[in-house]
Amino acid sequence: MKEIRIGLIGTGWMGKSHANAFLNARMLFGPQDGQPIFQMVSDIQEETVRQAAEQLGFEKWTTNWLDVINDPQIDLVDIATPNVFHYEMVKAALEAGKHVYCEKPLCIDPSQSRELALLAKQKGVVNYVGFNNTQNPANQYVKDLVAEGKLGRIMRVTATYDQDALLDPNLPITWRHINKLAGSGTLGDMCTHILSVLQMILGDMKRVCAVKKTMIPERPKEKGSSEMQKVENEDLVMFLAEYKNGALAQLGSSRVATGRKNLFSYEIQGTEGTVSYNLERMGEVQVYFRGADDVRDEGFRTVLLNPEHRGYRVFQPQAGISLAFNDMKILEINTLMRAITNGTPYLCDFSFGAKIDDIVQAVLISAETQRWTNVSSQ
């Protein structure tokens, strides 16, 4: 059993989600994929990081993230910080020869993402971006349907990721509203989950034509404050896209979608079939295939996720028992651990992350210029 010593940078919700996933992946998959050892955790506030170390079970804590990079015992640097810090931290970890696991997006600037992808390849280390929805057994099933030709030639895709978490104009400004910290709004935060799944299923995107809008232009500087601060990025985005395989897409995202709590949904229409999925009904995929023997059988049917779908069996013994968000993270962590321990292949490397960042940049440019824009590296 190989021990993998982990240094975690960032102790917010996502950092805790990562730590939880490491523990549960070890429990569910067994020791053959490696034993995670929580070596060191870092955050900027001493009291916060001390409490996190105690709660999560890390041996050491620090308020200087470079201590994580420079610790010779650490094998894997796990970065769960705001977007603006990813490039510097990832680059330092790669130069130190560490394996790197970074939350999405990889970078605000896609040229930096491509630089990191090249550096990771040169260093020969595992480099993983946390697009956890690619691990969802439902999305893996759809990927297989498309790859096996069961939907025929893909013609049209519609997809959106909507929440109303930021609908209240009295919620204070956060780093996610500031471009130099986040890079973009709902596009980079939420829509990239849709983009990653479609990248996995459909391949490279060719060009986009976008519009975006900030619905709440100012927010309180802090909770309860009357002092207001400008919101710098989009609350909602919509765009047309053309994939290199010829498929046309209508894509979008909103963080002010009234009534929507976690609507990650898409429909893929092909010449021989159509598939529809909604994360709010995580255990169900709607499918339709042409050519039913009896016309009375025409129409969509519900496929319940079951142990025959990739990634499901480790959680549940029979069909129809729902999985959850953290289960996708557990599958993601297991993929990461297997890559480090056994050299198994994985999808969401830094090159994959750079492709998503290139799409984000193309959408932002298109919205500003009001023109069709090519996705540069694809």
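How do the residues of the lining of the largest cavity divide into nonpolar, polar and charged? I will start there, then go to the pockets, and then to a few single residues. This is a predicted model, so please take what follows as computed from a prediction.

The lining of the largest cavity divides into 5 nonpolar, 3 polar and 2 charged residues. By the rule used here, there is 1 cavity of 30 Å³ or more. The space in the largest cavity is about 50 Å³. Its lining is made of Phe22, Ala25, Arg26, Phe29, Gly30, Asp33, Gly34, Pro36, Asn334 and Met337. Two elements give two or more residues each to that lining, helix H1 (13-29) and helix H9 (325-342). H1 gives the most, with 4 residues.

Let me step back to the whole chain. There are 10 helices and 17 strands. The radius of gyration is 21 Å, close to the 21 Å that the globule rule gives for 378 residues, so the chain is as compact as a globular protein of that length. Along the principal axes, the C-alpha atoms fill a box of roughly 65 × 55 × 40 Å. Of the 378 residues, 53% are buried. Turning to contacts with a separation of 6 or more, 69% of them are accounted for by residues 24 or more positions apart. The accessible surface is about 16,900 Å², and 48% of that surface belongs to carbon and sulfur atoms.

Now the pockets. The largest pocket has a volume of about 960 Å³. It is lined by 37 residues, and the closest to the pocket centre are Trp13, Met14, Trp175, Arg176 and Asp189. The elements that give two or more residues to this lining are H1, helix H4 (86-95) and helix H8 (186-202). H8 gives the most here, with 4 residues. By class, the lining of the largest pocket has 16 nonpolar, 15 polar and 6 charged residues. Note that H1 turns up both here and in the lining of the largest cavity.

The second largest pocket holds about 370 Å³ of space. It has 18 lining residues, and nearest its centre lie Gln135, Gln140, Arg310, Thr335 and Arg338. H6 and H9 each supply at least two residues of this lining, and H9 gives the most, with 4 residues. The lining of the second largest pocket divides into 8 nonpolar, 6 polar and 4 charged residues. H9, then, contributes to this pocket and also to the largest cavity.

Next, single residues, beginning with histidine 193. Histidine 193 lies in helix H8, the element that gives the most to the lining of the largest pocket. Is histidine 193 buried or exposed? It counts as buried, because its relative accessibility is 10%, and the cut-off for buried is under 20%. Leaving out residues up to four places away in sequence, histidine 193 touches Lys104, Asn132, Asn133, Tyr161 and Phe264. Take the first name on that list, Lys104. Lysine 104 is 89 residues from histidine 193 along the chain, and their C-alpha atoms are separated by 8.9 Å.

Lysine 104 also takes part in a cis peptide bond, which joins it to proline 105 with an omega of about -10°. Proline 105 sits in the loop between strand S5 (99-102) and helix H5 (110-123).

Another partner of histidine 193 is asparagine 132. Asparagine 132 is found in the loop between strand S6 (127-129) and helix H6 (137-147). Although in a loop, asparagine 132 is buried, at 2% relative accessibility. Again setting aside residues up to four places away in sequence, asparagine 132 touches His193, Phe325, Met328, Lys329 and Glu332. Residues 325 to 342 make up H9, so Phe325, Met328, Lys329 and Glu332 tie this loop residue to that helix by contact, taken as heavy atoms within 4.5 Å.

Last, a backbone point. Which residue has a positive phi although it is not a glycine? That is glutamine 370, with phi at about 60°. Glutamine 370 is placed in the loop between helix H10 (350-369) and strand S17 (373-374). With a relative accessible area of 69%, glutamine 370 is exposed, whereas asparagine 132 and histidine 193 are buried.

Terms used: Residues are numbered from 1 along each chain as its sequence is written. This is a predicted model: local features need pLDDT of at least 70, side-chain atom pairs count only at pLDDT 80 or more; totals for chains, interfaces and linings use all residues. Side-chain values use heavy atoms; hydrogens and water are left out. On a 1 Å grid over the protein atoms alone, a cavity is a set of points where a 1.4 Å probe fits but cannot get out, and a pocket is an open set with protein on both sides within 12 Å along at least five of seven lines; lining residues have an atom within 4 Å of a point. Grid points are joined across faces, edges and corners, and a volume is the space filled by probe spheres set on the points. Ala, Val, Leu, Ile, Met, Phe, Trp, Tyr, Cys and Pro count as nonpolar, Asp, Glu, Lys and Arg as charged, and the others, Gly among them, as polar. Buried means under 20% relative accessible area, exposed over 50%, partly exposed in between (1.4 Å probe, protein chains only). The radius of gyration is taken over C-alpha atoms; the globule rule is 2.2 Å times the number of residues to the power 0.38. Accessible areas come from the Shrake-Rupley method with a 1.4 Å probe; for residues, only the protein chains shown count as cover.
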